[in-house]
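Reader: I would like to see how labels are earned in a structure like this one. Please set each value against its cut-off.

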Amino acid sequence: MIQISNHIYCDARLETLDITNRLLPSAYKDTPYLIIKNFFTPELCRQLVSLVKKDDESQQAAVKLENISGIIESDVVTEYRKTNIYTLDDFYAEYYEKQFLKYKPLIEEYFAAVMTLSTDIQVLEYKEGYFYVKHADDSSELIDENGETVGFKCVAPERKLTTVLFATAHQSNARNSSESFSGGELLFNYLYNEKGEPVKIEAEAGDMVVFPSNPYFSHEVLPVQTGYRLTLVQWHDAIC
């Protein structure tokens, strides 16, 4: 393993692979990801959850796939991902944008990057049994016949940073058990703590997790065992 921050290590194999975007914050930071507390207040999170649960207009989230011609397309593949996606209500979208502008200088300083364009905000719902398998937000993972990772192909170069805002809490950090979930952790597949354990994020409602979109931060959403997991996800281009 290779140390990439004060308390976090990464799989040494990544250093030998062809990775287009290798954005990492300073190794002197405590972690290579940033957690912003109370980006949304607990009350605002509760209101948003209530609103989404009443919304009948959702669609299944897709994954990016490369066809035989090398063209990247999106398709619903439930073996890879089981998630519902909603459009964010205007009131919450405006509040989110105001909060994001407030914290943007902090994010830019942390990752030594100047943020430019951002995608629309996706509201992602994970009910019991829902999940998202291992993936990198900017790349497709290349696997050989033995199932070993041999590289990554960048398919979304405009994604430099990923933000995930939790509207419900992991059960271990929940103030209200009716608005929480078990399982459903955000697991970074190539990151490890000082004990050699994979890094899992067990967030509180209102926490925003910010991390580079590159393969170092390949991640998955573990299956939700109980409860209701709701997040607001966005991707951001940046000059690094």
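Reader: What makes Y95 partly exposed?
Author: The relative accessible area of Y95 is 27%. Buried ends at 20% and exposed begins over 50%, so Y95, at 27%, falls in between. The model is a predicted one.

Reader: Why does F40 count as buried?
Author: F40 has a relative accessibility of 1%. The cut-off for buried is under 20%, so F40 meets it.

Reader: How many aromatic pairs does a search of the whole structure find?
Author: The search of the whole structure gives 13 aromatic pairs.

Reader: What makes the pair of F40 and Y95 edge-to-face?
Author: The two ring centres are 5.4 Å apart and the planes stand at 65°. Rings pair when their centres lie within 6.5 Å, and an angle over 60 degrees counts as edge-to-face. Both conditions hold, so F40 and Y95 are an edge-to-face pair.

Reader: Which parts does this pair tie together?
Author: F40 is in the loop between β3 (34-36) and α1 (42-54), while Y95 is in helix α2 (residues 90-111), so the pair ties together parts 55 residues apart in sequence.

Reader: How do you know that F91 and Y92 form an edge-to-face pair?
Author: For F91 and Y92 the centres are 5.1 Å apart and the planes are at 85°. The distance is within 6.5 Å and the angle is over 60 degrees, so the label holds here too. Y92 has a relative accessibility of 7%, which is under 20%, so Y92 counts as buried.

Reader: Which residues form one aromatic cluster?
Author: The cluster is made of F39, F40, Y95, Y96, F100 and Y103.

Reader: What is known of the way α1 and α2 cross?
Author: Their axes come within 11 Å and cross at roughly 145°. The crossing of α1 past α2 is left-handed. On the α1 side, L44, Q47, L48 and L51 make the contact, and on the α2 side F91, Y92 and Y95 do.

Reader: What sits over the ring of W235?
Author: The charged end of R159 sits there, 3.9 Å from the ring centre. The limit on that distance is 6 Å, so the R159 value is within it. Likewise, the charged end of R229 sits over the ring of Y126 at 4.9 Å from its centre.

Reader: What makes strand β19 mostly covered?
Author: β19 spans residues 208-212, and five of its five residues are buried. On one side these are M208, V210 and P212, and on the other V209 and F211, which leaves both faces of β19 covered.

Reader: How do you know that β3 and β19 pair?
Author: There are three bridges between them, in the antiparallel sense. Pairing needs at least two bridges, so β3 and β19 qualify. L34 stands opposite V210 in β19. Strand β14 (residues 161-166) is also antiparallel to β19, with five bridges, and L165 stands opposite M208 there.

Reader: What is the order of the open sheet of three strands?
Author: The order is β15-β16-β21, with mixed pairing. β15 (169-170) and β21 (224-227) are the edge strands, since each pairs on one side only. β15 runs parallel to strand β16 (residues 180-183), and two bridges join them. The cut-off is at least two bridges, so β15 and β16 just meet it. H170 has F181 in β16 as its bridge partner.

Reader: Why is F131 called buried?
Author: F131 has a relative accessible area of 18%. The limit is 20%, and the value is under it, so F131 is buried. F131 belongs to strand β11 (residues 131-135). Its C-alpha atom is separated by 9.8 Å from that of Q225, although the two residues are 94 apart along the chain.

Reader: Which strands does β11 pair with?
Author: Strand β7 (residues 81-82) is one of its partners, antiparallel over two bridges, with R81 opposite Y132. Strand β20 (residues 219-221) also runs antiparallel to β11 with two bridges, and H135 has H219 as its bridge partner in β20.

Reader: What can be said of the protein as a whole?
Author: The protein has two helices and 22 strands. Of its 240 residues, 49% are buried.

Definitions and conventions:
Residues are numbered from 1 along each chain as its sequence is written. This is a predicted model: local features need pLDDT of at least 70, side-chain atom pairs count only at pLDDT 80 or more; totals for chains, interfaces and linings use all residues. Side-chain values use heavy atoms; hydrogens and water are left out. Rings of Phe, Tyr and Trp (its six-membered ring) pair if their centres lie within 6.5 Å; planes under 30 degrees apart count as stacked, over 60 as edge-to-face and the rest as tilted. Helices (H or I, at least four residues) and strands (E, at least two) are DSSP runs, numbered from the N terminus. Buried means under 20% relative accessible area, exposed over 50%, partly exposed in between (1.4 Å probe, protein chains only). A charge sits over a ring if NZ of Lys or CZ of Arg is within 6 Å of the ring centre and within 35 degrees of the ring normal. Axes are lines fitted to C-alpha atoms, for helices over the stretch in contact, and angles run from 0 to 180 degrees between N-to-C directions. A crossing is left-handed if the near helix is turned anticlockwise from the far one by less than a right angle, and right-handed if clockwise. Contact means heavy atoms within 4.5 Å.
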